[in-house]
Each structure stands twice: as structure tokens, then as C-alpha cells.
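Here's a walk through one model, taken a topic at a time. Have the coordinates open alongside as you read.

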Amino acid sequence: MHLSFRRVASSNVQLPLINRATHRLNSTSSPAPDPTDPLTPPQLKTLVLSRFAKNGKFSGLLRHVVASPSVLLAACRNLAAPSPPEAAPLPPPPSLFESVSRRFSLSEMGHEIAEGRFDVAAYCVTMVPSRKKGESLVLPSLKLKVLIEALRMVLEVIYDERFATFAYGGRVGVGRHTAVRYLKTSVQNPSWWFTVKFDRQRFDCVHVSKLCKVIEEKIDDSLFIDLIRRLFECEAVSIELGGCYLGRGFPQESRLCAILINVYFNGLDKEIQDLRLRMNKENLKFESNENVLDSTSNVFYKPVKVYAVRYLDEMLFITSGSKILSLDMKNNVVKYIEEKLELKVDRIRTAIHSPTMEKIEFLGMELQAVPPSVLHPPLSEKAIRARKKYLRQKEVKALEMRNARERNRKQLGLKILSHVFKKLKRSDGFKSEIQIDYEINEIFRTWADEVVQDFLGSLEERYNWHRELSAGTFLCLQHIRDQLPQELVFAYDKFQKQVDKHLSPVKAMRALREEERREEENREQKYAEMTVHDLTRLCIRVDAPIELVRKAVKMAGFANNMGRPRPIKLLIALDDADIVKWYAGVGKKWLDYFCCCHNFKMVKTVVTYHMRFSCILTLAEKHESTKLEAIKHYSKDLKSWMHVKMKCCTFQQKRRLR
């Protein structure tokens, strides 16, 4: 990912979650919510929309919405960390309001915010760098984190529905995987594409002032705007464009930065949306004065389409038209960013590429246009042979099971008949306290039906019986039939009709051949469609950079210079379960990031191999044993029992990764 924020470290204080019933805000005249209960998202939306004025702007948001104790309590609920599912059951936690009240007063904090007395700088802690060339890091306290989350919640209600459909990141349900899914399913036949690359730069006073002007178009609240400006001045919230510096930073970041970036680039999104609509109008399939009979022509016309995907500050533009059209679009986008947004664009890396000839990097993944057969290749000869072998083994196993079932039924039937015969010989009749005649009849009837169905399903047995019963009999001769009684002749003819009706394999063979012919036609039609699609369509293939993943594993310390797993001695002081959990968490994050890639199996192999054996070597180093002894004790699934909570912690297995 090429967007770097000023990371916001999480406090050691974690608030427990609680499910409390809240009152609904159906109108602006509804009673005030209970300050001891956090607001639900529908209630928060109702409260924010109640501040919408007639001039088309929101007013009084900081005093009446952000400063509300219920809104601040809802922000605390969003910041609270839920307990892991594998943890032991804990006693019921206290209420969220009581847990927050032990640390600070929500009412006092709300009064400070409403009156404009909340000092942002007083709730920031500056971390001095250990090196001369290092940069200082500003960490907000718990109070300031709650305020930042409350601001984010309010801005999300106002702007989330106003963002463009191709704006991803910082939104609920519209994240990185959604953007990749859109590229793989919606983009077809790309001709040219390009990405916008920024020089590494930080939001300064000019950008913050422009951001505040954009926010003022919808929010008429000077205190709200001034609070956002003070957050940037104190560096409690900071935005950096142009990529992460060596991937450093805290794992948690302020989600307010993401929505502020979407607000800042919303003007560019509207320009791109207007361009796409204008393209659709200019590239209609038929003009109004064109003859309708021309629509029956075999010539297919593909209109020019423009696709755009923006994930925070990463932008990808795709066109299905000419290179000149793509070049004009790139110049317009770069001109708007440099003049209107006042951001520096790296013009060398912002170049147009051919989707079929070159790969392009987006969201840390590699994109390329390929035919559909590359994404869904047909079965190879080896796979076809393996499938036929599996089907044969399946048939043999089914035959063995059928024979065993018939043998068991025969033995059970003989036992039943022997038992009944003995009862009849010892007494005048078979007597039992329980009437089992109906059950026995049902059992034998079921067996008989299954035997008949199996017999009728076998064409070979039907053919043999039909040949034996209908061929080579003297009753077919006319001079013999004249000498026999008519009743016998009619009975024989009736019997032959029943034999032809139930045992003749001609109809079954005809139906079987028809089914085989239909399957062959379907196979040929599918092959023809696949060939046409390969010649006329292009799809997007998303791959993970395997070499970069290997380098990341090596840089993180899980592999040595030779690329082999190595132990991490800093984890030796932890418990076995904590070591396994730490490795499982790191591996799960990497696999979750690349789970939408086409070569996910290769990524899974690389990550799980290094994570698993690095964890085994770390456990072996801790207990001063060999790798084989550690594998024998923990197994390759790395099972470790937590002695305190008596819960089993297991490293994620390969078959459950996806």
C-alpha cells in the first residue's frame, strides 16, 4: 500500500464491549438519549441529519452532536477491543459507561468540546527520535482518540453516501478486496491504463486550508472546522502521500485520515464521473438517424469505456479506446491534481502502459490483462487421466459396497427364514407378543424394489435375460402353435410382450446414446465459446508479487540470508501459546491481504512454510531441543495448551486458510 499516515498508537487501556438497549431517535422532537447508553448507527444518523439547515449545510455539529455524551460513548465502543473467541469465558463485564467513567468524565469532556476549551496539544505526547535524522512521533491520549473517532463518525454520516462508487477505502464494506473484485469482474477488454503516482509529501498548511474549504461547503460550523485544523497543527492527525517509508509505522492508524482523504479527492472523483458519463453519451451504438435494419449486421460494435478505481491516494484509470484518448485523460487528471488540489505528481512513474504487454502495480499487487482461458484453464491431459482413474475407483468401490450389501441381506434373510421355520416346527403356529409381520414385509419389499431397480439399470443383464427368454423357443413355430390350445398361445404371446416391454434394451440403449451425443454437443459448444472468448475478450488477472513477499519475509526476520526459516530469539521469553498466537496472527494478516490474488496458493505456501517452521525453531530454541523433537511434541499444526485458561491454541492449518 502506498499511503502512509501518521500512525496512532493504541493505548494500553481497552474498554470492554457491552450490548445495551438504546432508545431510538425517530424525530428531532424525540427525548434526549440516555447518556449512559451509546448511540446506535441509525440513532447517530438521525441525530446528525437533524442538524441539517435550510441553506443546505449542517450546523452546530460540534456542540450538539460531537459533544453529546452518548456520541462520545459510541466512539468509546468503537475503540474498545473485543475479547478473542478462543479466550476462556470471563465474568460479565461492567457497563461501558462505568468503565469509561473510571478514566475520565464524559460530561466534562462534552462541556469542554462544546465551549471550545478542549486543548488538543495538552492531550498529545511527543516521542523523541533515538537518532538525529529520525522524526518525532505524536501519540494522542485516550481522550483525544475518543474525540477523533467521534469526528470520524459524524463525517462518515455526512459524506459516505456522497462519495463516488469507485472511491474505495475508509468506508464501511467498500475496502481493498471490494476494489480488486470490481477489477476482476467488471473490467473487460482494456486497451490502455495508467496509475497516478505522487511524490512523497505531507499535508501542509496549504492542503489543510483547502481541505477545510471543501468541508465548509457542507458544514457551517466554525468550531468543527477549527478543531480539525488544530488536529493537523498538533500533528495528532497527519497525512502523507507517496508511499510508506520502508514499511515502518504502527499497526493501528487513525481512521479519520482515510475519510479526510476521500473528502479531499471528492472533487476529482466528480470530474472523472462526469467524464465517464460524457464518454457513454458520445459513444452510442446507433445514431438516431441511422437505419434500424443495420442492427441486424454481423459486425459488433464495442463502445469506448472508461474505468476508474481509487483507493485513498492510489488511482487506477483504464480505457478501452485509443492511446490518444488515454493520454488526454491522463493530462486532464494530472492537471486537475496539480492545479486544483495542489499536489505534486511524479510524471515519470505516471505513464501509460499496455495491459497485455506490461504489468502494472496497484494496491501492492500486479495487474495484467489476459484471455479468460488463463484465469480458468481447461484440464490438462494428466488431470483428465487422474479424473478418469478416480471415477473408475469410485465405480469399483460402489460395486464392492453393493456386493457387500447383497451378501449381508442374504445372510439376514436366511436367518429370518430359519428362525421362522424353527418356530413353526416347535409349535402349531408362529406366535409373538409383538406383531412384526408388517415390518418384515416392508423390509423384504424394500429389498425387492432395490434389486429390481439395480437389475433394470444394468443393460447387460437385461440383454442376457431378453435373449434367453425370447430366442430359440419352439413356440414361435407356426405349425407348433396350430397344434396347441389357444389359451396357451395367448398366454405365451402376452408373456413375450411383457418381456419386450420390461427387458428389451433397445430403448435404454437409444436413450444412453442420445445422452452421450448431447454431452458431446455440449462439450463442443463450450469449447467453441471458450475459443471465441479468448479471441474477443480480455480479463484482469491479479497476482501477488512473490519475490517481494519472499523479501518481506526475510526483512521481517523469519528467514536468514539463504531464505531458510530461522528462530526469533526475542520471543523466547513468552509462553508457548503466546508464541504460536503471535506467529498465527502475522501469517493470517499476510494471507488475508493477498487472498484475492490468482496465485494465492503460492503465497500461502511461502508464508505458511516460513511462519510454521520459524515458530517450530523458536519453540525448540526456547526449550533447548531439536527441531524434530519440537515437531514430535507440538505436531506440525503447532498445538499448545494454555495452562491457565485450559484452551488449545493451534496454528492455522493449510486446508483452512481459504
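## Salt bridges

Arg347 and Glu338 make a salt bridge, with their closest N and O atoms 2.9 Å apart; the term here means a side-chain nitrogen of Lys or Arg within 4 Å of a carboxyl oxygen of Asp or Glu. Glu338 is partly exposed, at 30% relative accessibility. For burial, the cut-offs are under 20% relative accessible area for buried, over 50% for exposed and partly exposed in between, using a 1.4 Å probe and protein chains only. Bear in mind that this is a predicted model, where local features need pLDDT of at least 70 and side-chain atom pairs count only at pLDDT 80 or more, while totals for chains, interfaces and linings use all residues. Residues are numbered from 1 along each chain as its sequence is written, and side-chain values use heavy atoms, with hydrogens and water left out.

The structure holds 20 salt bridges. Another one joins Arg117 to Glu115, at 2.5 Å from N to O. Arg117 is partly exposed at 48%, whereas Glu115 counts as exposed at 51%. Then there's Asp160 with Arg171, where the closest N and O atoms are 3.2 Å apart. That pair links distant parts of the chain, 11 residues apart: Asp160 sits in the loop between helix 6 and strand 5 (167-168), and Arg171 in the loop between strand 5 and helix 7 (176-186). Helices (H or I, at least four residues) and strands (E, at least two) are DSSP runs, numbered from the N terminus. Asp160 is partly exposed, with a relative accessible area of 21%, while Arg171 is buried at 17%. Elsewhere, Glu149, Arg152, Glu156 and Arg255 form one network through salt bridges that share partners.

## A four-stranded sheet

Next, the strands. Four of them make an open, mixed sheet in the order 5-10-11-6; two strands pair if DSSP finds at least two bridges between them. Strand 5 and strand 6 (192-196) are at the edges with a single partner strand each, so one side of each has no neighbour in the sheet. Strand 5 pairs with strand 10 (residues 306-311) in the parallel sense over two bridges, and Tyr168 stands opposite Tyr311 in strand 10.

Strand 10 also runs antiparallel to strand 11 (residues 314-319), joined to that strand by six bridges; Val306 stands opposite Thr319 there. The two strands form a hairpin with two residues between them, and Leu312 in the turn has a positive phi of about 60 degrees. How many residues of strand 10 are buried? Six of the six, so the strand is largely enclosed by the rest of the structure. Both of its faces are covered, with Val306, Ala308 and Arg310 buried on one side and Tyr307, Val309 and Tyr311 buried on the other.

## The nonpolar core

In soluble globular proteins, nonpolar side chains tend to be buried together. Here, the largest nonpolar core has 142 residues, and Phe224 and Ile337 touch the most other members. Such a core is a set of buried Ala, Val, Leu, Ile, Met, Phe, Trp, Tyr and Cys residues joined through side-chain atoms within 4.5 Å. Helix 6 (residues 142-159) supplies the largest share of this core, 12 residues.

Leaving aside neighbours within four places in sequence, Phe224 is in contact (heavy atoms within 4.5 Å) with Leu61, Leu62, Val66, Leu151, Val154, Leu155 and Ile219. Arg229 lies in helix 9 (residues 222-233) and is partly exposed at 27%. With the same sequence neighbours set aside, Arg229 is in contact with Val208 and Cys212. Arg229 and Cys212 are 17 residues apart in sequence, yet 7.5 Å apart in space, C-alpha to C-alpha.

## Cysteines

How many disulfides does a search of the whole structure find? Zero, with a disulfide taken as a pair of cysteine sulfur atoms within 2.5 Å. For Cys124, the closest cysteine sulfur is in Cys234 at 5.3 Å, too far for a bond. Cys124 is buried at 16%, and Cys615 is buried too, at 0% relative accessibility.

## Confidence

The protein chain has a mean pLDDT of 79, and 82% of its residues reach 70 or more; pLDDT is the predictor's confidence in each residue, from 0 to 100. Over residues 83-90 the pLDDT is below 50, and this stretch has four contacts in the model beyond near neighbours in sequence. Residues 285-296 are also below 50, with three such contacts. Where pLDDT is low, the predicted coordinates should not be read in detail.
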